[in-house]
Amino acid sequence: MSAVAIELDGVRKSYGDKTVVDGLSFSVAAGECFGLLGPNGAGKSTIARMLLGMTLPDAGKITVLGVPVPARARMARRLIGVVPQFDNLDAEFTVRENLLVFGRYFGMRTYEVEKVIPSLLEFARLESKAHARVSELSGGMKRRLTLARALINDPQLLVMDEPTTGLDPHARHLIWERLRALLALGKTIILTTHFMEEAERLCDRLCVVEKGRIIAEGPPHALVDEQIGCQVIEIYGGNPQELHSLIRPYAQRLEVSGETLFCYASDPEPVLAQMRGRTGLRLLQRPPNLEDVFLRLTGREMEK
Ligand SMILES: Nc1ncnc2c1ncn2[C@@H]1O[C@H](COP(=O)(O)OP(=O)(O)OP(=O)(O)O)[C@@H](O)[C@H]1O
Ligand SMILES: [Mg+2]
């Protein structure tokens, strides 16, 4: 296996006059977990689909596991496990039948698929649902089946688009544990997520994408140190604008998001002192995290 699992160089994609991926370049080393973060519409799924040859780039070069994509995408796809953003299971088939059909798509023989089905069902905690039709599963169960299905061909690389969206916290922790076990086996993972905790826990490196461009890249903790590097006090319950002017002299930075005022300060004490005695406020002092980085870098305006 080549030491570089994924390489993108100057990749572009537009729909009509809208540029969705704007000259993107990055590489992912074999065995690495690489995250793509960014607001809705940033281009993450488009990038994921381009890695699979399912969306064609307008320009640039993509190599996946040493295979040029899209030119030889079919060959690359045989080595990749895919979790699309939206489940595309066959609703009328049972859990087991879905795995059998998918395995055959990879050229596996029925007995070969049957051999791995128990471990996949265990991975997804769907042992008791083997004969249930997909249409009878809950949303989270379907997601877990999609995750298990992605492993059927024992892929070297996993391309996961929001793998744990829709999972309950327990299931999410279980999947994190299992993805870490796959990384320990030397698999490469590229994932998109809106769960900052997921990115912080799993990713060796990540990039934040906005409007199809990388606006920051690095290991999660380095990004938190570089971009924030001080304590955070979340203030909720008062009038954020009024509190804003009160605290401003004591804060390095202040941001209002919805009803919450985020105060970034290397010394939180004077800020907390200003808040003392005020009723109806809820204060949370905490170390900075990746969510602060995300909010800082991508602003708070949503794509319309
Ligand atoms: N087939 C398509 N035709 C036209 N526009 C598209 C198509 N696919 C995606 N887009 C546009 O490309 C942009 C990026 O979409 P993409 O799905 O890659 O975003 P994303 O980062 O995955 O967002 P999310 O976090 O909401 O999943 C959006 O503005 C979207 O409307
Ligand atoms: Mg997406």
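This is a guided tour of a predicted model, moving from the whole chain to its sheets, its core and one buried arginine.

**The whole chain**

Begin with everything displayed as a C-alpha trace, which spans about 70 × 45 × 35 Å along its principal axes. Switching to a cartoon brings out 11 helices and 14 strands. The protein has 304 residues, of which 38% count as buried. If contacts are taken between residues at least 6 apart in sequence, 68% of them join residues at least 24 apart.

Next, colour residues 4–219 as domain 1 and residues 230–287 as domain 2, which are the two parts into which the protein is divided. The C-alpha centres of domain 1 and domain 2 lie 39 Å apart.

It is also worth selecting residues 6–236, the range that UniProt lists in an unreviewed entry for "domain: ABC transporter". Over residues 6–236 the chain is 35% helix and 29% strand, while the C-alpha atoms at the two ends of this range are 43 Å apart.

**The six-stranded sheet**

Select β6, β7, β8, β3, β9 and β10, which in that order form an open sheet with mixed pairing. The edges are taken by β6 (80–83) and β10 (213–218), each of which pairs on one side only. From one strand to the next, the twist of this sheet averages 15°.

Starting from the β6 edge, look at strand β7 (residues 157–161), which pairs with β6 in the parallel sense over four bridges. Show Val82 here, and its bridge partner in β7 will be found to be Val159. Helix α1 (residues 44–51) can be added to the view now, since helix α1 lies across β3 (33–37), β7, β8 (188–192) and β9 (205–210), and runs at about 150° to β7. Helix α11 (residues 290–298) also packs on the sheet, where α11 touches β3, β9 and β10 and its direction makes about 30° with that of β9.

Moving across to β3 and β9, you will see two strands that run parallel and are joined by four bridges. Leu36 is a useful residue to label, as Leu36 stands opposite Cys207 in β9. From Cys207 you can step onward to Glu217, the bridge partner of Cys207 in β10. The pairing of β9 with β10 is antiparallel and covers five bridges. Between these two strands the hairpin has two residues, and Lys211 takes a positive phi near 50° in this hairpin.

**The four-stranded sheet**

Now select β12, β13, β11 and β14, which form, in that order, an open sheet whose pairing is antiparallel. Because β12 (253–257) and β14 (282–286) stand at the edges with a single partner strand each, one side of each is left without a neighbour in the sheet. The twist in this sheet averages 20° from one strand to the next. β12 and β13 run antiparallel and are joined by five bridges; to see one facing pair, show Val256 and then Leu261, which stands opposite in β13.

**The largest nonpolar core**

Which residues have the most contacts inside the largest nonpolar core? Select Leu51, Val159 and Cys263, which hold that place in a core of 80 residues. Strand β13 (residues 260–265) gives the largest share of this core, namely five residues. Domain 1 (4–219) and domain 2 (230–287) both contribute residues, so the core lies between them.

Stay with Leu51 and, leaving out residues up to four places away in sequence, display what Leu51 touches: Ile6, Ile62, Val64, Val69 and Val159. Val159 is the residue already met as the bridge partner of Val82.

**A buried arginine**

For the last stop, find Arg143 in helix α5 (residues 139–149). Is Arg143 buried or exposed? Arg143 counts as buried because Arg143 has 25 C-beta neighbours inside 10 Å, where 20 or more are required. Apart from neighbours within four places in sequence, Arg143 is in contact with Asp87, Gly166 and Leu167. To finish, draw a distance from the C-alpha atom of Arg143 to that of Leu158, which comes to 15 Å for two residues that are 15 apart in sequence.

Conventions:
Residues are numbered from 1 along each chain as its sequence is written. Chains are lettered from A and ligands numbered from 1 in the order in which they are written. This is a predicted model: local features need pLDDT of at least 70, side-chain atom pairs count only at pLDDT 80 or more; totals for chains, interfaces and linings use all residues. A nonpolar core is a set of buried Ala, Val, Leu, Ile, Met, Phe, Trp, Tyr and Cys residues joined through C-beta atoms within 7 Å. A residue is buried if 20 or more other C-beta atoms lie within 10 Å of its own, exposed if 12 or fewer, and partly exposed in between; C-beta atoms are placed from the backbone. Domain bounds come from an automatic or database domain assignment. Two residues are in contact if their C-beta atoms, placed from the backbone, lie within 7 Å. Two strands pair if DSSP finds at least two bridges between them. Axes are lines fitted to C-alpha atoms, for helices over the stretch in contact, and angles run from 0 to 180 degrees between N-to-C directions. UniProt positions are given in the numbering used here, feature names are shortened, and annotations may be inferred rather than shown by experiment.
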